Amino acid sequence: MQKSFISLVVIMLLSFTFLPSSLLAAEGDGDTDVDADLETEGSVDSDDGSTETEANASTVNKLELSSSKSDVMVGENMQINVKGWDANGNIIEDMSDIQYSVNNESVATVNSNGELIPKAAGTVTVTVSAGDVSENFTFNVMANKEDDNDSEDTELDGDVDSSLNLTADERKLNVGEELQLSWDGLMENENVSFELSDNSKANITDDGMLTAENSGNLTVWLKTDEGRKTKLDLMIHSDADSEMDMDDLDSVKIDAPKANVNLLETLPLDVDGFDVDGNKWEDMSNVTFSVDDESKATIDANGHLHPKEEGKVTVTATANGMTDTMDIMIDGNDIDGINLDAPKSSIGVNEKLNLEVNGIDSEGNALANLKNVEFKVSDKSVATIDGNGQLVAKTTGTVKVWAMLDDKQDSFTVDITGNTNTNLDQDDVEADLDEVTDISLESSKADMNINEKLNLWVKGLDEDGNKIGTMADVWFDVSNEDIAEVTEDGYLLPKAEGTVTITANAEGKTDTLDVNIDGSELSDISFDTPEADVDMNGNMKLKVNGKDENGNDLEDLQNIDFEVSDESVATVDSEGNITPKSEGTVTVTASSDNYEDEMTLTVASNNNSSNDTEMTNTGSNNDWNNEDSNENWTSASSDMSSDSNSDSLTTPGVPSTGDGSSQSSMAWSWIALGLMAIAGTSVFAWRKQQQ
């Protein structure tokens, strides 16, 4: 009898073993990690139910810069037009409190009224700042013909000979075009030869026929065998930014994706030019826009129409005295739904992803370029998102992004891996070498500070010039290693102020890129996030930004010293790569010169979590302000799923994990309950027998 009793006890213990932990903890675990994240997220809902905005209405949230043209001559001042919008998408009327700066004052300066004053041939980038928001506009400055012979020769010894003349019918040409140069002033039996300031921009024959190959400024030098020389400055446009000669312009026409627009949309307009033969120049830049009724809509210098109320508005575009008009109907149809999407759902750490929001109105019309959309993410420590829908990955993990417009919302899940390339394209794949006919050397910018590092990458091009992927096996060269060097993994590290030409070599093909390095001193540094989390199996690369002495923002600083407060929890190398060691919290310090900043890093046990965990939303998307996360979400590891539309059987009080695990728990629950019933009945019978 004693053995039978022991057997019954064992059966009861096994019954409790089979009970799933989710059932045992269903009543004790009221909140999930996601719930906490969303409440600390900075959501639009306050405690009293009112709606809060993230920025004051008068704060500049977005800037747009424009000018009648981007190619100017020395002595030709050019006005920079500035438009500003607040966080709600409203145009800010008073834009007087802004600052202007240039990256190269030897080429041009800009006054407090936004007027560019060219001084010498070259490229200059103007930065316009309003509070924490800034925007750049680049001008190509060309020397006047009268100044050609007066300018100093910075590449060849000696002075320009004023008796020599080098001329051409045009000073501007497009990539692929040819230009015949002419010259006079030669002495008897004097021979000439040509040199180019940049051989990647063009090639030239012995008889002066120049063929443009890449866009940019180009100086052609004519030298004689008697030691005399002169020069001619040219500007080469890419096909995309080529412009019609205004003398050939016969008519203009407004081009728009549609003639009807919703109050919640922004409508982009372009203007095409035509000559007398009907030849078309697309997307002309030297255009001014106006509307007949600014109470119904406004239009900015870039041709973006911003509706304000229902009705008809007439847009007028003017270029070189030629005009065209277009009637736009503005409707106030309610929005019926929105769709949040992105080019891909998986990105690397530090990578950026632009999310798009489109919609449908109550009449079934498609809506695009929606404005006043609010965004938020489930976990700011993993990724952040700005008001324009640009997501920036901070560390490995999975985040859910919500978009809301009026009372409509949608969500999108993004998986963040350990890739730390800061400049990956959103459609990044490795190029198929069999299809590559040329390469393109690229970077995020062409002007940088001496304290920054710049990531370079190379794209493979097919026979039509389309980018088909990233080249994996690349080696780099620089024109002057005293100014900068390039690491094997494609980072440009400046050493001194100046301009360098980087050459990329891949599969026998080459491309070049000019980078201007500014020598302004560092004035401050800061981590790009004040705190971050990483699990034991994860990885993280810290990024440090800063400002120069002129207040310009600097990104991804080099020569930073890192320290952690406790190396038993985590270590950090000279490049900012974190290696977790054990659970805990440490302070990471970054320092450079006399500046330093600190951040808090928490290393957590990964338990059952996985960096490859997917976050899905199979039910409705009405979870922007989810009050009862325990009914719709579960946080077993880093999984977060909504299964309100699932047809599977679920256990009451047990949140669904979205992967079918609730069905498995249900089966084990019934097995355990059955064993307990058998054990209980047996115990009752045994006690009865004992009596």
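By class, how many nonpolar, polar and charged residues does the lining of the largest cavity have? In this predicted model, the lining has 5 nonpolar, 3 polar and 4 charged residues.

To see this cavity, select Asn350, Ser381, Ala393, Lys394, Asp528, Thr529, Ala532, Met540, Lys541, Leu542, Lys543 and Met599, which line it. The volume enclosed is about 80 Å³, and the lining draws at least three residues from each of domain 4 (335–420 + 433–518) and domain 5 (522–604).

Next, select Leu355, Leu370, Leu391, Val414 and Ile416, the residues with the most contacts inside the largest nonpolar core, which has 27 residues. Among the elements that give two or more residues to this core are strand S28 (335–341), strand S36 (397–405) and strand S37 (408–417), and S36 gives the most, with 4 residues. A second, separate core of 25 residues can be found by selecting Val82, Val102, Val128 and Phe137, which are included in it.

Turn then to the charged side chains, where the count comes to 13 salt bridges. Select Asp198 and Lys201, whose side chains meet in a salt bridge at 2.9 Å, N to O; Asp198 is buried, and so is Lys201. Adding Asp514 to the selection shows a network of salt bridges that links Asp198, Lys201 and Asp514.

Move on to Lys445 and Glu452, whose side chains meet in a salt bridge at 2.8 Å, N to O; here Lys445 is partly exposed, with a relative accessible area of 27%, whereas Glu452 is buried, with a relative accessible area of 2%.

Finally, select Lys495 and Glu485, which form a salt bridge with the closest N and O atoms 3.8 Å apart.

Conventions:
Residues numbered from 1 in each chain as written. Predicted model: local features only at pLDDT ≥ 70, side-chain atom pairs only at ≥ 80, totals over all residues. Heavy atoms only, no water. 1 Å grid on protein atoms, 1.4 Å probe; cavity = no way out; pocket = protein on both sides within 12 Å on 5 of 7 lines; lining within 4 Å. Points joined across faces, edges and corners; volume = space filled by probe spheres on them. Nonpolar A, V, L, I, M, F, W, Y, C, P; charged D, E, K, R; others polar. Domains from an automatic or database assignment. Core = buried A, V, L, I, M, F, W, Y, C linked by side-chain atoms within 4.5 Å. Buried < 20%, exposed > 50% of the residue type's maximum accessible area, 1.4 Å probe, protein only. Salt bridge = Lys/Arg side-chain N within 4 Å of Asp/Glu carboxyl O.
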